[in-house]
Amino acid sequence: MAILRRYAAEIAVTVAVIAGSVVVSLGDGAETPRNAAVGWVCVALACAALFLRRRFPLPVTIFTAVCCAIYYPQTDPDGFVLLAFAFALYNNASTGRIRSAAVVAAAAMGGVAIGEMGAGASRQVDNFAFLLMAGWFIALVAVGAVTYYRREAERTKEAEAQRRATDERLRIARELHDVLGHNLALINVQAGAALHGKDPAKAEEALTTIKQTSKEALRELRATLGMLRQADTPSSLARVAELAESAGAHGLTVRTEIDGTATELPPDVEHAAFRVVQEALTNVARHAAANTVVVRIGYTPHDVSVQIDDDGRGGTAEPGNGIRGMTERAEALGGELTAAAREDGGFRVRARLPLRVKK
């Protein structure tokens, strides 16, 4: 059954060619068929070649044209071998070989015209039939070309849909990583302090901070899920103060500096900048062993930049989802991000985001 489905078109054309040729040969009993053996060999070869059309579209088209060139001048009465050539011509155009299909069709019509001029009084194709055949060939090439471009459009559409789905999955993964990673990292730090600390007052303070941070994590998660459902707006840089306060509750001193005049930013740009600051502060709390962090936000008419400097241990950043996610956010907007140790100690994360997203 699978073979029948795969070669359904070839089988249908073969049956039509053979049946039509049989009907034509039996329909005129008064005449003795001329070179019948040659004709049936051409029929068999042309139909057999159709089953190779997927692997060799152009050779099959040329071969069926040659079969027609032998069949029609040499045999009587005329059969349906032309159907095999027509099908091969359409197939060749529908695979994107439109120019070669047009060239073969033109060559076939040229061959018919030359053959008819040489036939003299015994012409087999009159002017009307010649024009009808030419129109048929042109239509086959045109329909094949339309089929090809339609398939290509569908493939492009499917590829674009897959790309968008992949981008959406990455976006959701970044959002959840930023929201949960930031707050859970701070909870982990405070939980360790409460577990290993010997001062009950500090342990109680740590547990209080854990409660507040977990509450903030739930709020952030709800806001993020709402944004993913198009029910909320992206995070604003105005909330950097909240991030600083949250980090301050965990022993970090966070100072915020503004360069330039704050302007209204595109939502995607402002959201990305906020997430970069959030992720950088998370990494400082988890890995840097720092005391002070400086967050600088710079505004220009062309872009916005965020720079996070800490006075921690510095060194080379370990590869992970955090820096990769920040980099992906920046590059998705046509910007750039660097993350490296500072010469005077500590670590620096800097992102530059253009105000106009590159297409």
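In the predicted model, strands β2 and β3 are joined by a hairpin through 3 residues. Strand β2 covers residues 292-299, and strand β3 covers residues 303-310. The two strands pair in the antiparallel sense over 7 bridges. Individual bridge partners illustrate this pairing: G298 is partnered by S305 in β3, and I297 stands opposite V306 in β3.

Strand β2 also pairs with strand β1, which comprises residues 253-259. These two strands run parallel and are joined by 7 bridges. Within this pairing, V254 has V293 of β2 as its bridge partner. The chain passes from β1 to β2 by way of helix α10, formed by residues 267-288, and the resulting β-α-β crossover is left-handed. Strand β2 is thus described by a parallel pairing with β1 and an antiparallel pairing with β3.

On the other pairing of β3, 8 bridges join this strand to strand β5, which consists of residues 347-354. The strands β3 and β5 run antiparallel. An example of facing residues is given by D309, which stands opposite R348 in β5.

The degree of burial was then considered for these strands. Strand β2 is mostly covered, with 6 of its 8 residues buried. In β3, 8 of the 8 residues are buried, and the strand is therefore largely enclosed by the rest of the structure. The residues of β3 point in two directions: D303, S305, Q307 and D309 point one way, whereas V304, V306, I308 and D310 point the other way. Both groups are buried. Two of these residues also appear in the pairing with β2, namely S305 as the bridge partner of G298 and V306 as the residue facing I297.

Helix α10, the helical part of the crossover between β1 and β2, contains E279. The relative accessible area of E279 is 3%, and this residue is classed as buried because the value falls under 20%. Leaving aside residues up to four places away in sequence, E279 touches H177, D178, G322 and M326.

A contrasting environment is found at the surface, where M1, L4, I11, V15 and F51 form a nonpolar patch. Together, these residues have about 470 Å² of accessible area. One of them, I11, lies in helix α2, which spans residues 8-27. With a relative accessibility of 32%, I11 counts as partly exposed, because this value lies between the limits of 20% and 50%.

For the protein overall, 11 helices and 5 strands were assigned. Of the 359 residues, 37% are buried. The protein exposes about 20600 Å², of which carbon and sulfur atoms supply 60%. Among contacts between residues at least 6 apart in sequence, 71% join residues at least 24 apart.

How values were computed
Residues numbered from 1 in each chain as written. Predicted model: local features only at pLDDT ≥ 70, side-chain atom pairs only at ≥ 80, totals over all residues. Heavy atoms only, no water. Patch = residues over 30% accessible without salt bridge, like charges linked within 9 Å, V, L, I, M, F, W, Y side chains within 5 Å. Areas by Shrake-Rupley, 256 points an atom, 1.4 Å probe, with all protein chains shown as cover. Salt bridge = Lys/Arg side-chain N within 4 Å of Asp/Glu carboxyl O. Helix = DSSP H or I, 4+ residues; strand = E, 2+ residues; numbered from the N terminus. Buried < 20%, exposed > 50% of the residue type's maximum accessible area, 1.4 Å probe, protein only. Pairing = 2+ DSSP bridges. Right-handed = clockwise from strand over helix to strand, strands pointing away. Contact = heavy atoms within 4.5 Å.
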